[in-house]
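Biologist: I am new to reading pockets and ligand sites in a model. Could you take me through them step by step?

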Amino acid sequence: MSDPAAPDQGFLASVFAQYPLEVVSAEGVWLRNARGERLLDLYGGHAVAGLGYAHPAWTAALEQQARACQFQSNVVAMAVRERAAAQLVRFAALPLPRVFFVNSGAEANENALKVALRHTQRAQILAVEGGFHGRTAAAGAVSWGAREKWYGFPRAPFEVSFLPRGRLQAIEAQVTEATAAVIVEPVQGLAGAVDLGREYLQALRARCDAVGALLIFDEVQCGVGRTGYPFAANLHQVVPDLLTCAKALGNGFPCAALMLSAPLAAALRPESLGTTFGGGPLACAAIEAVLTAIESDQLLERVRRLGEYIRASCCVGPVSGHQGQGLLVGLRTTRPAKQVQAELLEGGILAGTSSDPQVLRLLPPYILEEQHVDMLRDALRELPP
Ligand SMILES: Cc1ncc(COP(=O)(O)O)c(C=O)c1O
């Protein structure tokens, strides 16, 4: 059910390979295209629409805040900002008691790296093969493959090297007293929903502690309930010094957060960090609504259940296996995942791909139901293996 009438990109910079689809409205897990046809959204606006579309509490919170006061910057106190921070800290249930709100995942990582470099007074950052952290100077410098493909800056702003995935011995050899921090996506998103696993993350934590380096979890994609836990840090019971999150945090209202341990927060001074729009009242109203709905609608339990159901039922047709956690799912395909994605879209189901050409990535809203998974299973079954 792709949309041949989808427009070209007109006046927009043509930096995105767009899907053949134009969305005009959406509700729940359903998108409606320009021809009035419904599509099942298993892509969630790239992991953003955790509550799905037109969630009444989210919509009401934004409307109410827009009427009350749409913006004051961080130099003016607002109760909604304080409430959103307190709620995020409570939701995470990790020893990360302070929050710095920003606007995007890349900006959150940029600030996390800055805090780590300044705090340790060291110049080297280690990242992990396959990881993606954003498009800005620092976040791009620690993104796997960026230098070769799209980085664009003449040099990285600090020393960077990459750890191989899964090799515990390399951690000991490469993370040293010269290392300021290791930045890692505990469950890698763009790489195709690759769970690095508890043992690997524990080894990173132990080695960072041994050499006085900091551990940064980039949970921009895998955080805020996507794994069926508040964060992958909770799932794997490994606590970082800094944690970044975005995407599902605002359910589509642009926002992100950097969560800090008490010692790191205590070292911050006025002007150590800054932002105009970060922590704006509309963003904070959205965050409050999202975290409240995840709890009151018992969405974490549902994410775990539906994630299991996908894994148990969707290894059919061109799908030969699965990986990931919760509703960050990688379906391994016997043929190029892009082909399978295009065929699903023809049948009215939107799925994502990943940097692994044989992995189809699902990032559906947390409100997904069994009947939607059954539709995916039936559609996959119909496709050539
Ligand atoms: C794990 C991870 N980190 C960082 C980013 C960058 O976030 P943003 O696009 O909001 O800057 C992304 C975006 O896909 C991501 O998946």
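Modeller: We will look at the open spaces and then at the ligand, keeping in mind that this is a predicted model.

Biologist: How does one find empty space among the atoms, and what volume does the largest pocket have here?

Modeller: The general idea is that rolling a probe the size of a water molecule over the atoms shows where empty space is left. In this structure, the largest pocket has a volume of about 1,700 Å³. Its lining counts 44 residues, and those closest to the centre of the pocket are F16, Y43, H46, R135 and L190.

Biologist: Which elements give two or more residues to the lining of the largest pocket?

Modeller: They are helix 1 (44–47), helix 4 and helix 13 (337–346), and the largest share, three residues, comes from helix 4. Sorted by class, the lining of this largest pocket has 18 nonpolar, 18 polar and eight charged residues.

Biologist: Where does the ligand sit?

Modeller: The ligand sits in the largest pocket. There are 13 residues around the ligand, and of these G105, A106, D218, Q221 and K247 come nearest. Helix 4, which spans residues 105–120, supplies the largest share of this shell, with three residues.

Biologist: Which atoms of A106, D218 and K247 lie at short range from the ligand, and what are the distances?

Modeller: For A106, a backbone N or O atom lies 2.8 Å from an oxygen atom of the ligand. For D218, a polar side-chain atom lies 2.7 Å from a nitrogen atom of the ligand, while for K247 a polar side-chain atom lies 2.9 Å from an oxygen atom of the ligand. As for cover, the ligand taken alone exposes 390 Å², and the protein buries 81% of that.

Biologist: What is the make-up of the shell around the ligand by class?

Modeller: The shell around the ligand has three nonpolar, seven polar and three charged residues.

Biologist: What can be said of the second largest pocket, beginning with its volume?

Modeller: The second largest pocket has a volume of about 770 Å³. It is lined by 28 residues, of which N74, R81, V99, F100 and F101 are the closest to its centre. Helix 3 (79–92) and strand 4 (98–102) are the elements that give two or more residues to this lining, and helix 3 gives the most, with five residues. By class, the lining of the second largest pocket has 16 nonpolar, seven polar and five charged residues.

Notes
Residues numbered from 1 in each chain as written. Predicted model: local features only at pLDDT ≥ 70, side-chain atom pairs only at ≥ 80, totals over all residues. Heavy atoms only, no water. Near = heavy atom within 4 Å. Polar contact = N/O pair within 3.5 Å; in protein donor to acceptor, adjacent residues only side chain to side chain. Areas by Shrake-Rupley, 256 points an atom, 1.4 Å probe, with all protein chains shown as cover. 1 Å grid on protein atoms, 1.4 Å probe; cavity = no way out; pocket = protein on both sides within 12 Å on 5 of 7 lines; lining within 4 Å. Sits in = over half its atoms within 2 Å of the grid points. Helix = DSSP H or I, 4+ residues; strand = E, 2+ residues; numbered from the N terminus. Nonpolar A, V, L, I, M, F, W, Y, C, P; charged D, E, K, R; others polar. Points joined across faces, edges and corners; volume = space filled by probe spheres on them.
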